[in-house]
Amino acid sequence: DGKENEKAVGETDNDEEAKQREIDRKKKEEMLKVLKEKEKASFERKSVAEKCPECDYKCWTDAEMKIHRQTSHGSAPRRMRMCSNCNFQCQNTWEMDYHARSRGHKAKEVITCKKCDFLCETKEESWEHKKVHIPADKLFECGDCSWCSERLDNMRYHAHSQDHKTKYDYEEPARARAEAKGPKELKNYHTKLARDIKKAQAMKKK
């Protein structure tokens, strides 16, 4: 009887795993379907031309607008206002305030990535995501917070103005590269290092 019970339990577990795999498979298929429909919709012509919020350009599809904003304005807006109670979203604070007050809804502000469609609600999440777009050999990270950059001078400014430590020693490789190029480059390195630190410390005092 004991062996039969164990066999029955094993079969039940296998059935549950099979059901979960089937559920996951259907979820994945549904997600892919939604993504395909969303991509298709971005190319569908609208009944009314959409105006760019940053200039007088107008177009008829979301895909055209996205290309225009990336090529003409550098990126999508850094912040977008979204409603916590419905699907309403906009870029103007006053427009969101009116929507929230008139309907008793609550506004939610999200941060958008300048290089992709990523959205988040906190600066920490934004900094963590930014690392995805920076090559590993150009990534400078703070050791005390989520801040990052692709420039060493920005890393110096952040570290010395916030009294933070860098995640790694970025100065030693930079100094070694300068030294390998000769005395003049090494002198320039030390001069710029001192200038960057002085600038950061001056800002910290304000």
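## Close-up views of a predicted model

**View 1. A positive phi just past helix α5.** Directly after α5, Asp163 adopts a positive phi of about 60°. The model is predicted. Asp163 is not a glycine, yet its phi is positive. The residue lies in the loop between α5 and α6 (171–181). Is Asp163 buried or exposed? Its relative accessibility is 56%, so Asp163 counts as exposed.

**View 2. The buried residues of helix α5.** Helix α5 spans residues 152–162. Its buried residues are Leu152, Asp153, Met155, Arg156, His158, Ala159 and Ser161. Charged side chains are on that list, among them Asp153 and Arg156.

**View 3. Asp153 and its distant partners.** Asp153 sits in helix α5. Its relative accessible area is 17%. The cut-off for buried is under 20%, so Asp153 is buried. Which residues does Asp153 touch, once those up to four places away in sequence are set aside? They are Lys192 and Asp196. Ile197 is 44 residues from Asp153 in sequence. In space, the C-alpha atoms of Asp153 and Ile197 are 8.9 Å apart.

**View 4. The largest nonpolar core.** This core has 11 residues in all. They are Phe140, Cys142, Trp147, Leu152, Met155, Ala159, Tyr170, Ala174, Ala178, Tyr189 and Leu193. Which elements give two or more residues to the core? They are α5, α6 and α7 (183–205). Helix α5 supplies the largest share, 3 residues. In soluble globular proteins, nonpolar side chains tend to be buried together.

**View 5. Phe140 and its surroundings.** Phe140 is one of the residues of the largest nonpolar core. Residues up to four places away in sequence are not counted here. Phe140 then touches Trp147, Cys148, Ser149, Glu150, Arg151, Leu152, Met155 and Tyr170. Among these contacts, Trp147, Leu152, Met155 and Tyr170 also belong to the core.

**View 6. Glu141 in strand β7.** Glu141 is placed in strand β7. With a relative accessibility of 10%, Glu141 counts as buried. What does Glu141 contact, leaving aside neighbours within four places in sequence? The contacts are Lys131, Trp147, Cys148, Met155, Thr166, Lys167 and Tyr170. One of them, Lys131, carries a basic side chain.

**View 7. Aromatic pairs.** The structure holds 3 aromatic pairs. Trp127 and Trp147 form a tilted pair, with 5.7 Å centre to centre and 45° between the planes. This pair links distant parts of the chain, 20 residues apart. Trp127 belongs to helix α4 (residues 123–130). Trp147 belongs to the loop between β7 (140–141) and β8 (148–149). Trp127 is partly exposed, at a relative accessible area of 26%. Trp147 counts as buried, at 15% relative accessibility. Tyr168 and Tyr170 pair edge-to-face, with 6.2 Å centre to centre and 85° between the planes. Tyr170 is buried, at a relative accessible area of 12%. Through ring pairs, Phe140, Tyr168 and Tyr170 join into a cluster.

**View 8. Cysteines without a disulfide.** How many disulfides does the structure hold? The count is 0. Why is Cys86 not bonded to Cys83? Cys83 holds the closest cysteine sulfur to that of Cys86, but the distance is 3.6 Å, too far for a bond. A disulfide needs sulfur atoms within 2.5 Å. Cys86 counts as partly exposed, at 30% relative accessibility. Cys113 is buried, with a relative accessible area of 11%.

**View 9. The whole chain, for orientation.** The chain has 7 helices and 8 strands. Of its 206 residues, 24% are buried. The accessible surface comes to about 15700 Å², and carbon and sulfur atoms account for 51% of that. Among contacts between residues at least 6 apart in sequence, 25% join residues at least 24 apart. The mean pLDDT is 79, and 76% of residues reach 70 or more. Where in the chain is confidence lowest, and where is it highest? Confidence is lowest in helix α1 (residues 2–41), at a mean of 63. It is highest in α6, at 94.

How values were computed. Residues numbered from 1 in each chain as written. Predicted model: local features only at pLDDT ≥ 70, side-chain atom pairs only at ≥ 80, totals over all residues. Heavy atoms only, no water. Buried < 20%, exposed > 50% of the residue type's maximum accessible area, 1.4 Å probe, protein only. Helix = DSSP H or I, 4+ residues; strand = E, 2+ residues; numbered from the N terminus. Phe/Tyr/Trp six-rings, centres within 6.5 Å; stacked < 30°, edge-to-face > 60°. Contact = heavy atoms within 4.5 Å. pLDDT = per-residue confidence, 0-100. Core = buried A, V, L, I, M, F, W, Y, C linked by side-chain atoms within 4.5 Å. Areas by Shrake-Rupley, 256 points an atom, 1.4 Å probe, with all protein chains shown as cover.
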